[in-house]
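Q: I am new to this structure and would like a close look at a single part of it, namely the empty space enclosed inside and the residues around that space. Please take it slowly and explain each term as it comes up.

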Amino acid sequence: MAKPEIQILVCTNERPPEAKKPSCGPKGGLEVYRRFKDTVRARGIRDRVMVVRTGCLKHCSQGITVAIWPSNTWYRRVTLEDVEEIVERTVIGGEEIERLRMPDIPWE
């Protein structure tokens with residue numbers, strides 16, 4: 001892959017259980033990341049779409065957080081069940097999914 005056209009960033013950050021802030025890892029961030037990888041592979045779009053697991057994307061209370069570039073689309077509370085729809089409608093179709101849209105809130 002030379003340069004991806006699209007990047008899907010998935011927060012997999014994990015804080016200790018006693019931390020005051022929540023994090024995406026314990027909510028299933030790694031599993032969502034893996035589902036994106038599998039879905040992109042199954043769709044045959046790996047040559048233009050890169051899936052990246054990240055540390056904190058600064059929306060801890062809204063996680064699992066997913067950001068899609070270059071469209072700068074941010075989603076919150078993403079579940080395994082949302083992955084296929086995100087790939088189909090947003091990554092391939094260029095459409096934002098309103099029910100998953102991150103509200104315009106300050107970073108945490």
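How many cavities of 30 Å³ or more does the count come to?

A: This is a predicted model, in which local features need pLDDT of at least 70 and side-chain atom pairs count only at pLDDT 80 or more, while totals for chains, interfaces and linings use all residues. Residues are numbered from 1 along each chain as its sequence is written, and side-chain values use heavy atoms, with hydrogens and water left out.

The count comes to one cavity of 30 Å³ or more, where a cavity is a set of points, on a 1 Å grid over the protein atoms alone, at which a 1.4 Å probe fits but cannot get out. The volume of the largest cavity is about 40 Å³, taken as the space filled by probe spheres set on the points, with grid points joined across faces, edges and corners. Its lining, meaning residues with an atom within 4 Å of a point, consists of C11, N13, R15, P22, S23, C24, C56, L57, K58, H59, C60 and T65.

The cysteines of this lining deserve a careful look. A disulfide is a covalent bond between the sulfur atoms of two cysteines, and here it is recognised as a pair of cysteine sulfur atoms within 2.5 Å. A search of the whole structure finds zero disulfides, and for C11 the nearest cysteine sulfur, which belongs to C24, is 3.5 Å away. The sulfur of C56 forms no such bond because the closest cysteine sulfur, in C60, is 3.7 Å from it, which is too far. With 2% relative accessibility C11 counts as buried, whereas C56, at 25%, counts as partly exposed; buried means under 20% relative accessible area, exposed means over 50%, and partly exposed lies in between, using a 1.4 Å probe and protein chains only.

Next come lining residues in the loop between β2 and β3, strands here being DSSP runs (E, at least two residues) and helices DSSP runs (H or I, at least four residues), numbered from the N terminus. H59 is found in that loop and, at 5% relative accessibility, counts as buried. Leaving aside residues up to four places away in sequence, H59 touches T65, which is named in the cavity lining, and among its other contacts (heavy atoms within 4.5 Å) are W74, M102 and W107. K58 sits in the loop between β2 and β3 as well, is partly exposed with a relative accessible area of 36%, and has a positive phi of about 70 degrees although it is not a glycine. I64, too, has its place in this loop, and a cis peptide bond with omega of about 15 degrees joins G63 and I64.

C11 leads from the cavity to β1, since β1 covers residues 6–11. Five of the six residues of β1 are buried, so this strand is largely enclosed by the rest of the structure. Two strands pair if DSSP finds at least two bridges between them; six bridges join β1 to β2 in the parallel sense, and four bridges join β1 to β3 in the antiparallel sense. V10 illustrates these pairings, as its bridge partner in β2 is R53, while in β3 V10 stands opposite V66.

β1 also gives five residues, the largest share, to the largest nonpolar core, a nonpolar core being a set of buried Ala, Val, Leu, Ile, Met, Phe, Trp, Tyr and Cys residues joined through side-chain atoms within 4.5 Å. This core has 28 residues, of which I8, V10, F36, V66, Y75 and I86 touch the most other members. Among the contacts of V66, again leaving aside residues up to four places away in sequence, are I8, V10, F36 and Y75.

From β3 the chain leads on to β4, and three bridges join these strands, which run antiparallel. Their hairpin has three residues between the strands, and there N72 takes a positive phi near 60 degrees. N72 is partly exposed, with a relative accessible area of 41%. P70 lies in the loop between β3 and β4, and a cis peptide bond with omega of about 15 degrees joins W69 and P70.

Conventions:
1 Å grid on protein atoms, 1.4 Å probe; cavity = no way out; pocket = protein on both sides within 12 Å on 5 of 7 lines; lining within 4 Å.
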